[in-house]
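Q: Please take a close look at one residue in this model and at how its surroundings fit into the rest of the chain.

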Amino acid sequence: MQLGQIAAQQLGGQVVYLSCFPSERIASLVARLASQLAGVRGVTNLQRGDPFSRLTELLEAHKALLLLDDTDNLRKDELATLVRFFKARPGQCRTIIATRGDPMLSAMDRTFVHLERVGPLEVSA
């Protein structure tokens, strides 16, 4: 979570950490993000329409950075679709995605993503 604190200081906005659940979809992530950013709970107008557009609208409206962890738990094509959406619709929002191993992305999708391999984080006593 130290990365989140540093990012918040640099960006001057909020940082939201979300860990992906097994077989989760982007629509579910958007609902959880809305809950954390705006205190929205239950079914609202935010949950209608394109979840990818709603995701960027929420991040831009709150000037938030999304730290998305365990993306290997997302449904099969969700990560690739998310990368393609951010590529097609650049905006002011930023997302950091963490996954175990190599992300399941095509060579074309990988050209848009900055990949950096890091080992397991060690906690010093």
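A: Contact here means heavy atoms within 4.5 Å. The model is predicted. In the protein chain, 70% of the contacts with a separation of 6 or more are between residues 24 or more positions apart.

The residue chosen is E78, which lies in helix α4, residues 78-88. E78 counts as buried because its relative accessibility is 11%, and buried means under 20%. Apart from neighbours within four places in sequence, E78 is in contact with E24, R25, I26 and F52. With I26 there is a specific atom pair to look at: a polar atom of the E78 side chain lies 2.8 Å from the backbone nitrogen of I26.

The wider setting is a protein chain with five helices and three strands, arranged along the sequence as α-β-α-α-β-α-β-α. Of its 125 residues, 32% are buried. The largest nonpolar core has 25 residues, and L33, L55 and L66 have the most contacts inside it. Helix α4 is among the elements that give two or more residues to this core, together with β1 (14-19), α2 (26-38), α3 (51-61) and β2 (64-69). Leaving out residues up to four places away in sequence, L55 touches V30, L33, L66, L82 and F86. In soluble globular proteins, nonpolar side chains tend to be buried together.

As for the outside, the protein chain exposes about 8,400 Å², and carbon and sulfur atoms supply 53% of that area.

Terms used
Residues are numbered from 1 along each chain as its sequence is written. This is a predicted model: local features need pLDDT of at least 70, side-chain atom pairs count only at pLDDT 80 or more; totals for chains, interfaces and linings use all residues. Side-chain values use heavy atoms; hydrogens and water are left out. Helices (H or I, at least four residues) and strands (E, at least two) are DSSP runs, numbered from the N terminus. Buried means under 20% relative accessible area, exposed over 50%, partly exposed in between (1.4 Å probe, protein chains only). A polar contact is a pair of N or O atoms within 3.5 Å; within protein, one must be able to donate a hydrogen and the other to accept it, and residues adjacent in sequence count only if both atoms are side-chain atoms. Accessible areas come from the Shrake-Rupley method with a 1.4 Å probe; for residues, only the protein chains shown count as cover. A nonpolar core is a set of buried Ala, Val, Leu, Ile, Met, Phe, Trp, Tyr and Cys residues joined through side-chain atoms within 4.5 Å.
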